[in-house]
Amino acid sequence: MMQYALFARPVVTIYDLPQTIKEGEEGLVSTIGDEGLYGQACQVRTAPGGVTAAGVQLPPDVAEVVSFYGYHGYVNQRELQFVREEELWEYLGADLVLVGRATDVLSLPKVQGVRMMELERGGVLRRQPETVEEAEAHKGWAKVLLTDGRTGYVRDVALEPVKYEMTAVFSQREGLAFNDALAETLPEAVARWYGGSEDAFRAAVCEQAKKYMGTEYRWGGKSGRGIDCSGLVSSAYMQCGVLIYRDAKIIEGWPMHEVAFENKKPGDALFFPGHVVLYLGEGRYIHSTGAAASGGVVINSLEPSDPLYREDLVKCLYAVGSIF
């Protein structure tokens, strides 16, 4: 029987191997592959201490997981809130809200409340129903439920509706990174949140990516603390309601497919060897780069006349990806 869990820390590291480091060409390097954000769901393919389908014996504190968007890896059990299937269905059917910026969860709906947790952009909370009288009594604050059952309060302005579905967590199958449960999110999201307008969706993705401006580059990162190139692009899409492959390449079968360079539009992805950026229009793009001069999320240009021009990238651009 499949097991499930919620990421129960503000930012949860997902490693590509059951150990956190490995020997690289120049010494020890991290095995980080991705990050899960608070309140997001995952399958637990192998419980801590168990033996994986590949025959790997896991350490007693490490679980093998697959995120609802199909990323496979290993997580320390302390960072997971294990839940039964019926509990997860109930959770996913509740009024979920997205943390639109780093924010505190406080014990009271006032600034003097005790800080229960500090959450990063992209974390998910379950909004608790309140009477009109209760909401009026602490106007500007939302009552929320944490994964461990505690309730707290977050400023309304820090929250956004969750536009993506996590129910694909129930249908992800061994060896299958993408399936119909994920594919259906594209037309549904554009219709529901953007009135069916492709242009409105494209603009929203660009604006979401810009919210990460200045964030430090972090290999495998996907939060306001640190984010990498594919983390930025996939997070911008996810927060606008569409799940794409979380890597710097186009994968056959996923919604992002190659289009001609001259047909690129704002919100499309530009691919370079080992790197992906989000095209903003008028020759400019936003990306998270580890380049010495940047070290984070910045805007650069394809145009030689633009002071933000990056000749090194333009020379190796090999594909444009679009979901439309």
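# Largest pocket, helix α6 and two loop residues

The largest pocket holds about 310 Å³ of space, and the model in which it is found is a predicted one. Of the 17 residues that line this pocket, G33, W219, D228, S230 and D247 are the closest to its centre. The elements that give two or more residues to the lining are β5 (32-37) and α6 (229-239), and the points below take up the lining, then helix α6, and then residues in the loops on either side of β20 (284-289).

**Lining of the largest pocket**

- Sorted by class, the lining of the largest pocket is made up of six nonpolar, six polar and five charged residues.
- D228 and S230, both among the residues closest to the pocket centre, can also be placed relative to helix α6, since a side-chain oxygen of D228 reaches, at the start of α6, to within 2.7 Å of the backbone nitrogen of G231.

**Helix α6**

- Helix α6 is largely enclosed by the rest of the structure, because 11 of its 11 residues are buried, that is, they have under 20% relative accessible area.
- The buried residues of α6 are C229, S230, G231, L232, V233, S234, S235, A236, Y237, M238 and Q239, and S230 is one of the residues closest to the centre of the largest pocket.
- What do the buried residues of α6 pack against? Their partners are β10 (96-99), α5 (198-210), β19, β20 and β21 (296-301).
- After the helix comes G241, whose phi is positive, with a value near 110°.

**Loop between β19 and β20**

- E282 is located in the loop that runs between β19 (275-281) and β20 (284-289), and its phi is near 55°, which is a positive value in a residue other than glycine.
- Is E282 buried or exposed? With a relative accessibility of 80%, E282 counts as exposed, because the cut-off for that class is over 50%.

**Loop between β20 and β21**

- G290 belongs to the loop between β20 and β21, and with a relative accessible area of 54% this glycine is exposed.
- Once its neighbours within four places in sequence are left aside, G290 is in contact with Y217 and G295.
- The C-alpha atoms of G290 and C229 are separated by 8.9 Å, although these residues are 61 residues apart along the chain; C229 is one of the buried residues of α6, whereas G290 is exposed.

How values were computed:
Residues are numbered from 1 along each chain as its sequence is written. This is a predicted model: local features need pLDDT of at least 70, side-chain atom pairs count only at pLDDT 80 or more; totals for chains, interfaces and linings use all residues. Side-chain values use heavy atoms; hydrogens and water are left out. Helices (H or I, at least four residues) and strands (E, at least two) are DSSP runs, numbered from the N terminus. Buried means under 20% relative accessible area, exposed over 50%, partly exposed in between (1.4 Å probe, protein chains only). On a 1 Å grid over the protein atoms alone, a cavity is a set of points where a 1.4 Å probe fits but cannot get out, and a pocket is an open set with protein on both sides within 12 Å along at least five of seven lines; lining residues have an atom within 4 Å of a point. Grid points are joined across faces, edges and corners, and a volume is the space filled by probe spheres set on the points. Ala, Val, Leu, Ile, Met, Phe, Trp, Tyr, Cys and Pro count as nonpolar, Asp, Glu, Lys and Arg as charged, and the others, Gly among them, as polar. Contact means heavy atoms within 4.5 Å. A polar contact is a pair of N or O atoms within 3.5 Å; within protein, one must be able to donate a hydrogen and the other to accept it, and residues adjacent in sequence count only if both atoms are side-chain atoms.
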